[in-house]
Amino acid sequence: MSTLEQLLAITKNTFQESMRQPVLFVVAMAATLFIILSNPFATFTLENDQRMFVDIGLSSVFLAGVIGAAFIATNVLTREIDNKTVLTVVSKPVPRPLFIFGKFLGVAGSVFILMVYLVLVFMIVEVHGSLETAAAKYHLPVIVFGLSGMIVAFAAGIWCNFFYGWTFGATTLTALLPITGLVYLLCLVFSREFGTQSIGLEFEPQLWIAGGMLFMAILALTAIAIAASTRLGQVLTLLITCGFFMMGLLSDWIFARPAAAIMAAASKNMPVAEEGADALPVVLEGSDRIQYALLNFGHMVTPNFQIFWLADAVNQEHEIPVGYIGSTLLYGVLLIVAALSLAVILFQRREVG
């Protein structure tokens, strides 16, 4: 068997195993409920209800992706190590780096289905919009097509489970992806009272970009979870993954703000430059210099997940620059490569027998 065939076999097996995990379906349904409920919850604001919905909805998508990726990534590797089934794979022989990479791709495939489905649900609810007044009309195509799509997907899951023995959660979630995509397309074509309209009238490309950036962040967290699960158990791996997630969201507040405060305090104590002269460089001394260096180092090595959060730019109707998208994607790829490289190093000498 060639290297590519081995990689595809591991990826396929991991993907199927990930899709069969009940936690994926539970997370998807819970997030669906939160996204739908975020629409009426957003109407309790005193200002822009739609802006609040975007914040709550994208937060629900992001958090669901984190929880789903963390549980799936920890299960697919930790369980095989604990059950010694990994020994039958690496003794084929299959290179251990290939095994890690295949596991990551398999988990990434299941996470991709979860994220695309949730973003589609978010976009469908966004088409409906918040009912800011009592006179506002419901978006009938969203309600009719949305409920019909859910019923068809659940019916397909029950049918396949009863007659073919297929896993209900995996079958239903797989069916929901194309059905939800079709529902979204129909909601773009039909207006609130089933009149036809231009497909681009309700289409929001900026929101799709924001959802894509969240998926890149989830892939980076998946790679981190894979790396942690090579040496740690499920509970510790989940704690480390969630810890990296929280640190990544708060890295600017934990590291950058204190560093900026130290620099600002030092600049106030500097002598004022003469008019027309170049500004004097700020020089830190003693403990301030050490503290500033440590804060900068912590900010540099901690993954920064705030750069993937584009909801604020969308709400403020700022155009997202192509250069920012490219640099953010490159940063995400580098995070994934670094985490997978660490996973290979940790797993290379791991006793699995």
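# A tour of two pockets, a patch and a helical chain

Start at the second largest pocket: its lining has four nonpolar, five polar and five charged residues. The classes are nonpolar (Ala, Val, Leu, Ile, Met, Phe, Trp, Tyr, Cys and Pro), charged (Asp, Glu, Lys and Arg) and polar (the others, Gly among them). The model is predicted, so to speak of local features takes pLDDT of at least 70 and side-chain atom pairs count only at pLDDT 80 or more, while totals for chains, interfaces and linings use all residues. Numbering runs from 1 along each chain as its sequence is written, and side-chain values use heavy atoms, with hydrogens and water left out.

**Stop 1: the second largest pocket.** Select V54, E204, V314, N315 and E317. Of the 14 lining residues, these lie nearest the pocket's centre. Now colour α3 (49-82), α8 (205-229) and α11 (311-315): each gives two or more residues to the lining of the second largest pocket. The space inside comes to about 250 Å³. A pocket here is an open set of points on a 1 Å grid over the protein atoms alone, where a 1.4 Å probe fits, with protein on both sides within 12 Å along at least five of seven lines; lining residues have an atom within 4 Å of a point. Points are joined across faces, edges and corners, and the volume is the space filled by probe spheres set on them.

**Stop 2: the largest pocket.** How much space lies in the largest pocket? About 520 Å³. Select I36, I124, V125, V142 and G146, the closest to its centre among 23 lining residues. Then show α2 (22-42), α5 (96-128), α6 (140-164) and α7 (168-189), the elements that give two or more residues to this lining. By class, the lining of the largest pocket has 17 nonpolar residues, six polar ones and no charged ones.

**Stop 3: the whole chain.** Zoom out. Colour by secondary structure: the chain has twelve helices and zero strands. Helices (H or I, at least four residues) and strands (E, at least two) are DSSP runs, numbered from the N terminus. Trace the elements from that end, and the order reads α-α-α-α-α-α-α-α-α-α-α-α. The chain holds 353 residues, of which 44% count as buried. Buried means under 20% relative accessible area, exposed over 50%, and partly exposed in between (1.4 Å probe, protein chains only).

**Stop 4: a nonpolar patch.** Select Y138, L140, I143, V144, L147 and F194. Together they make a nonpolar surface patch of about 540 Å². Patch members have over 30% relative accessible area and no salt bridge, and nonpolar side chains (Val, Leu, Ile, Met, Phe, Trp, Tyr) are joined within 5 Å. Areas come from the Shrake-Rupley method with a 1.4 Å probe. A salt bridge is a side-chain nitrogen of Lys or Arg within 4 Å of a carboxyl oxygen of Asp or Glu.

Click on L140, which sits in helix α6. L140 counts as partly exposed because its relative accessibility is 37%. Move to F194, in the loop between α7 and α8. F194 is also in the patch, and its relative accessible area of 35% makes it partly exposed. Check its backbone: phi of F194 is near 70°, a positive value in a residue other than glycine. Most residues other than glycine have a negative phi.

**Stop 5: pairs apart in sequence.** Draw C-alpha distances for four pairs.

- S38 and M52: S38 belongs to helix α2. Buried or exposed is S38? S38 is buried, because its relative accessible area is 0%. The C-alpha atoms of S38 and M52 are 8.5 Å apart, with their positions 14 residues apart along the chain counted as separation.
- H128 and R192: find H128 in helix α5. H128 is buried, with a relative accessible area of 9%. R192 is 64 residues away along the chain, and the C-alpha separation is 8.1 Å.
- P178 and G149: go to P178 in helix α7. P178 is exposed, at 54% relative accessible area. From P178 to G149 is 29 residues in sequence and 9.6 Å in space, C-alpha to C-alpha.
- T328 and A217: end in helix α12 (residues 322-348), where T328 lies. T328 counts as buried, at 2% relative accessibility. T328 and A217 are 111 residues apart along the chain, yet their C-alpha atoms are separated by 9.6 Å.

Terms used:
Patch = residues over 30% accessible without salt bridge, like charges linked within 9 Å, V, L, I, M, F, W, Y side chains within 5 Å.
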